[in-house]
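Colleague: I should like to learn how to read the features of a protein model, one at a time. May we begin with a single residue and work outwards?

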Amino acid sequence: MVESSVAGDSLAIAVLTGGVSAERDIAIASAVQVVAALRRRGQRVRVVDTARGWLTPAQEKDLFAQQVGIHHSGERVLSRGIPSWLTLPEDFFPDLWFLALHGGAGEDGRIQGLLEMTGIPYTGSGVLGSALAMDKDVSKRLLRAAGVPTPDWLMAPVESGEVESVLGWPVVVKPSKQGSTVGLSVVHAPEELPRALSLAFQHDDEVMVERFIPGRELTGPVLGGQALTVGEIVLQKGNIFDYEAKYQPGGAREVFPAELSSAQTAEVQRLSLLAHRTLKLQGYSRSDFRLDAEGRLWCLEVNTLPGLTAMSLVPQAAAAQGISFDGLVDQICQQALSRASTTRNAPSKPV
């Protein structure tokens with residue numbers, strides 16, 4: 001896969017970030033580097049905080065000065081109604097929406113539905129794929145039917161006796177429709193279950209209890225219908241790639257390419273592509289796996305808008321095969337524009 005640049009005149013690109021999900025800080029961290037990459041490519045960029053609207057240059061600078069906290073920021077509660085940012089500025093008609101959003105409405109199909117109504121192309125997966133992948137119960141059913149191995153699970157409400165007989169201990173308790181391990185706990189004994197369920201229910205109306213798979217943590221990114229370099233996440237502490245391990249210094253070490261046999265690498269890539277296609281995803285995605293002691297792969301989840309800082313997993317995988325961060329951002333834009341040109345006619349700019 002080689003780099004190429006968006007052809008023609010510079011594009012007007014609106015970068016959507018922030019939002020109201022528990023992953024707001026991560027979204028902003030992605031936007032900081034995406035915006036810089038687009039501007040280096042000569043694109044005309046405006047930033048939209050989906051919780052606040054179109055930002056002035058001063059507001060953008062202030063927003064981008066924020067740092068990712070040690071703990072996630074939690075959901076924001078805003079008044080309901082038509083988002084103000086859907087009214088476009090008089091001097092800026094976007095050629096493309098670039099989604100630097102993670103979790104919640106930014107990744108579950110709701111924002112995608114709004115953007116479909118504008119007729120302007122947007123990056124990442126569409127409404128259906130986004131919704132399917134975000135709902136872990138539904139996505140695991142589809143993955144299993146397609147032949148992608150995934151750990152056994154139960155949906156709450158559930159008693160400790162059923163958990164013990166069906167799944168055994170330990171188990172992972174997590175919100176069914178969240179990302180970045182927000183609200184996730186590893187439960188080792190029956191007495192720990194109620195507290196873990198209570199925590200998960202703070203972040204979602206559905207909670208999953210999943211068999212814990214010990215082993216190596218692998219990740220399989222996909223870009224434009226091709227599998228990228230497989231990576232391994234080596235935890236520096238603990239036994240799960242949680243929020244702190246992902247976003248704080250020293251939490252984990254990422255290895256690209258992962259030290260696997262050629263057959264194991266090929267299988268991670270095959271399953272990542274199969275998961276991407278099964279859930280009807282578009283553009284790019286990242287499937288996360290555990291490799292157990294018997295050499296079996298288990299798909300834990302599929303991310304439709306994985307992180308886009310230079311040190312995030314997808315950019316690291318791209319870099320391992322010669323795609324720079326700017327080139328990756330460029331390809332994501334190209335894919336969205338190409339997809340739009342074959343599925344619908346973009347609206348004409350106002351005159």
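**Reading the model**

Modeller: Apart from its neighbours within four places in sequence, Val-15 is in contact with Ala-31, Val-35, Leu-38, Val-45, Arg-46, Val-47, Val-48, Phe-98 and Ala-100. Please bear in mind throughout that this is a predicted model.

Colleague: Where does Val-15 lie, and is Val-15 buried or exposed?

Modeller: Val-15 lies in strand 1. Its relative accessible area is 0%, and a residue counts as buried when that value is under 20%, so Val-15 is buried. A distance along the chain should also be set beside a distance in space: Val-15 and Asp-49 are 34 residues apart along the chain, and their C-alpha atoms are separated by 8.4 Å.

Colleague: What should I look for in a nonpolar core, and how many residues has the largest one here?

Modeller: The general idea is that in soluble globular proteins, nonpolar side chains tend to be buried together. In this structure the largest nonpolar core has 50 residues, and Val-15, Leu-16, Leu-38, Trp-97, Phe-98 and Leu-99 are those with the most contacts inside it. Two or more residues of this core come from each of strand 1 (12-17), helix 1, strand 2 (44-49), helix 2 (57-64), strand 4 (96-99), helix 4 (110-118), helix 11 (313-320) and helix 12. There is also a second, separate core of 18 residues, which includes Val-148, Leu-218, Ala-258 and Leu-291.

Colleague: With which residues is Leu-16 in contact, leaving aside its neighbours within four places in sequence?

Modeller: On that basis, Leu-16 is in contact with Val-48, Thr-50, Trp-85, Trp-97, Phe-98, Leu-99, Ala-100, Leu-101, Ile-111 and Leu-115.

Colleague: How do I read the chain as a whole?

Modeller: One begins with the elements, and this chain has twelve helices and 14 strands. Of the 351 residues in the chain, 56% are buried. Among contacts between residues at least 6 apart in sequence, 71% join residues at least 24 apart. The accessible surface of the chain comes to about 15,200 Å², and carbon and sulfur atoms account for 53% of it.

Colleague: How is the packing of two helices described, and at what angle do helix 5 and helix 6 pack?

Modeller: One gives an angle and a separation of the axes. Helix 5 (residues 127-134) and helix 6 (residues 136-146) pack at about 95°, and their axes are 5 Å apart. Angles of 65 to 115 degrees count as roughly perpendicular, and therefore helix 5 is roughly perpendicular to helix 6. Helix 5 makes the contact through Leu-132, Ala-133 and Met-134, and helix 6 through Lys-136, Val-138, Ser-139 and Leu-142.

Colleague: Which residues of helix 5 are buried, and what covers them?

Modeller: The buried residues of helix 5 are Gly-129, Ser-130, Leu-132, Ala-133 and Met-134. Their cover includes helix 3 (104-107), helix 4, helix 6 and strand 14 (297-303).

Colleague: How many salt bridges are there, and how should I read one?

Modeller: The rule asks for a side-chain nitrogen of Lys or Arg within 4 Å of a carboxyl oxygen of Asp or Glu, and by this rule the count comes to 19. In one of them, Asp-326 pairs with Arg-40, and the closest N and O atoms are 2.6 Å apart. This pair links distant parts of the chain, as Asp-326 is in helix 12 (residues 325-343) and Arg-40 in helix 1 (residues 24-40), 286 residues apart. Asp-326 is buried at 16% relative accessibility, whereas Arg-40 is exposed at 54%.

Colleague: Which residues are linked in a network of salt bridges?

Modeller: Lys-177, Asp-204, Asp-205 and Glu-206 are linked in such a network. Within it, the side chains of Asp-204 and Lys-177 meet at 3.1 Å, N to O. Asp-204 lies in the loop between helix 8 (193-201) and strand 8 (207-211), and Lys-177 in the loop between strand 6 (171-175) and strand 7 (185-187), so the pair ties together parts 27 residues apart in sequence.

Colleague: Where are the cis peptide bonds to be found?

Modeller: One looks for an omega close to zero: the bond from Ala-156 to Pro-157 is cis, with omega near 5°, and a cis bond also joins Phe-256 and Pro-257, with omega about 0°. Pro-157 lies in the loop between strand 5 (153-155) and helix 7 (160-166), and Pro-257 in the loop between strand 12 (252-255) and helix 10 (262-278).

Technical notes. Residues are numbered from 1 along each chain as its sequence is written. This is a predicted model: local features need pLDDT of at least 70, side-chain atom pairs count only at pLDDT 80 or more; totals for chains, interfaces and linings use all residues. Side-chain values use heavy atoms; hydrogens and water are left out. Helices (H or I, at least four residues) and strands (E, at least two) are DSSP runs, numbered from the N terminus. Buried means under 20% relative accessible area, exposed over 50%, partly exposed in between (1.4 Å probe, protein chains only). A nonpolar core is a set of buried Ala, Val, Leu, Ile, Met, Phe, Trp, Tyr and Cys residues joined through side-chain atoms within 4.5 Å. Contact means heavy atoms within 4.5 Å. Accessible areas come from the Shrake-Rupley method with a 1.4 Å probe; for residues, only the protein chains shown count as cover. Axes are lines fitted to C-alpha atoms, for helices over the stretch in contact, and angles run from 0 to 180 degrees between N-to-C directions. Angles under 35 degrees count as roughly parallel, over 145 as roughly antiparallel, 65 to 115 as roughly perpendicular and the rest as oblique.
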